[in-house]
Each structure stands twice: as C-alpha cells, then as structure tokens.
Amino acid sequence: MAYISPMLTNIVTAVKKASINLNRDFSEIERLQNSVKGSMDFTKIAFDKIQKGLKNELGKILPALPVVMVSEKVPQSGMFLILSGIEGLANFAHGNPEFAISAALMDGQTVLAGVVYNLSLIHISEPTRLLSI
C-alpha cells in the first residue's frame with residue numbers, strides 16, 4: 001500500500017470540500033449552453049466561489065501556512081500553499097467536462113506535494129515527495 005503523507009491528505013480533503021458546489025455549477029452550465037447570453041458570467045462566479053472556498057478550507061486545515069493563488073505574487077522562500085481555482089476554465093465555460101482543481105505545497109520554488117482533482121472523472125493525482133512535516 002502506498003504511503004500518503006498527512007499533509008497531502010489534508011490538501012486532498014480541502015480540495016474535495018471546496019469542490020462540492022462545483023459539480024452543481026457545472027451541471028447548470030451544461031444547461032445554459034442554449035442561453036442567449038451565454039455562460040461566461042456564470043463561469044466567472046463559479047471560479048470566484050471555488051477560489052474563496054479553497055482558501056477558506058485550506059486556511060482552516062493548515063492555518064500556519066500562507067495560501068497564495070496562482071495569479072498573486074508567489075513568495076520566493078518559505079513554505080506556502082499555491083492554488084489554481086479551475087484549470088481548463090474555457091472547457092468548464094463551454095460545458096466540456098475536462099477541467100480540474102489544483103493545489104500544491106511548496107517550499108520556495110520546490111513542489112513538495114500537489115493535488116490535481118478532476119471532478120468529471122473523480123480522479124485525484126497526488127505526486128509527492130517524502131515529507132517530514
């Protein structure tokens with residue numbers, strides 16, 4: 001059996017909790033495909049909600065580590081969590097189920113643990129190094 005570090009387990013739990021409403025939003029976007037206005041406004045709202053949800057969940061589970069979004073300035077040293085709300089945002093907006101949520105624990109420029117969660121496949125990729133945290 002593969003060993004999964006407690007830190008990685010915490011990150012996976014936070015990503016899963018933050019993504020609960022994203023499935024509902026995706027189903028709604030699939031129905032909006034016939035809308036005159038389109039689904040981009042709804043997609044932006046869903047993206048903002050998932051970013052806030054990820055920051056909130058990881059802040060509860062790992063309060064000692066700073067949480068940074070990919071679009072923000074990334075620290076050059078020290079440990080921190082880096083998040084990307086929805087990878088494949090255009091796919092999400094067009095009702096294509098090829099999108100994912102990603103989060104990583106970094107030490108400076110080195111990735112220590114990472115999670116890529118594809119909701120449509122219910123698949124979690126968990127590349128990690130051995131951590132002594």
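**Exercise 1. The surroundings of Leu-65**

Which residues does Leu-65 touch, not counting residues up to four places away in sequence? State also where Leu-65 lies and whether Leu-65 is buried or exposed.

*Solution.* The model is a predicted one.

Step 1. Leu-65 is located in the loop that runs between α3 (40–61) and β1 (67–69).

Step 2. The relative accessible area of Leu-65 is 17%. Buried means under 20%, so Leu-65 is buried.

Step 3. With residues up to four places away in sequence set aside, Leu-65 touches Met-7, Met-79, Leu-81 and Leu-105.

Step 4. A distance completes the description: the C-alpha atoms of Leu-65 and Gly-78 are separated by 9.3 Å, and the two residues are 13 residues apart along the chain.

**Exercise 2. The chain as a whole**

Determine how many helices and strands the chain has, and in what pattern they follow one another.

*Solution.* Step 1. The secondary structure consists of four helices and five strands.

Step 2. Along the sequence, these elements give the pattern α-α-α-β-β-α-β-β-β.

Step 3. The chain has 133 residues, of which 41% count as buried.

Step 4. Among contacts with a separation of 6 or more, 52% are accounted for by residues 24 or more positions apart.

**Exercise 3. The two sides of helix α2**

Identify the buried residues of α2 and explain why they are placed on the same side of the helix.

*Solution.* Step 1. Helix α2 spans residues 20–31, and its buried residues are Leu-22, Asp-25, Phe-26 and Ile-29.

Step 2. These residues cover an arc of only 105° around the axis, and therefore they lie on the same side of α2.

Step 3. The face turned away from this buried side carries the exposed residues Ile-20 and Arg-31.

Step 4. The partners of the buried residues of α2 are α3, β2, α4 (89–93) and β3 (100–107), against which they pack.

**Exercise 4. The packing of α2 and α3**

Describe how α2 and α3 pack, and give the residues that make the contact.

*Solution.* Step 1. Two packed helices are described by the angle between their axes and the distance between those axes.

Step 2. For α2 and α3, the angle is about 175° and the axes are 11 Å apart.

Step 3. Angles over 145 degrees count as roughly antiparallel, so α2 is roughly antiparallel to α3.

Step 4. From α2, the contact involves Leu-22, Arg-24, Asp-25, Glu-28 and Ile-29; from α3, it involves Phe-42, Thr-43, Ala-46, Lys-49 and Ile-50.

Step 5. Sorted by class, this contact of α2 with α3 has five nonpolar, one polar and four charged residues.

**Exercise 5. Two serines and an asparagine**

Establish the place and the burial of Ser-19, Ser-84 and Asn-56.

*Solution.* Step 1. Ser-19 is found in the loop between α1 (6–18) and α2. Ser-19 is buried because its relative accessible area is 4%. Leaving aside neighbours within four places in sequence, Ser-19 is in contact with Ile-50, Ile-101, Tyr-117 and Leu-119.

Step 2. Ser-84 belongs to strand β2 (residues 79–87). Its relative accessibility is 11%, so Ser-84 counts as buried. The side chains of Ser-84 and Glu-87 are joined by a polar contact of 2.4 Å. Not counting residues up to four places away in sequence, Ser-84 touches Leu-54, Val-70, Ile-101 and Ser-102.

Step 3. Asn-56 is in helix α3. With a relative accessible area of 42%, Asn-56 is partly exposed. Asn-56 and Ala-18 are 38 residues apart in sequence, and 8.4 Å apart in space, C-alpha to C-alpha.

Note on methods
Residues are numbered from 1 along each chain as its sequence is written. This is a predicted model: local features need pLDDT of at least 70, side-chain atom pairs count only at pLDDT 80 or more; totals for chains, interfaces and linings use all residues. Side-chain values use heavy atoms; hydrogens and water are left out. Buried means under 20% relative accessible area, exposed over 50%, partly exposed in between (1.4 Å probe, protein chains only). A polar contact is a pair of N or O atoms within 3.5 Å; within protein, one must be able to donate a hydrogen and the other to accept it, and residues adjacent in sequence count only if both atoms are side-chain atoms. Contact means heavy atoms within 4.5 Å. The arc is that of the directions from the helix axis to the C-beta atoms. Axes are lines fitted to C-alpha atoms, for helices over the stretch in contact, and angles run from 0 to 180 degrees between N-to-C directions. Angles under 35 degrees count as roughly parallel, over 145 as roughly antiparallel, 65 to 115 as roughly perpendicular and the rest as oblique. Ala, Val, Leu, Ile, Met, Phe, Trp, Tyr, Cys and Pro count as nonpolar, Asp, Glu, Lys and Arg as charged, and the others, Gly among them, as polar.
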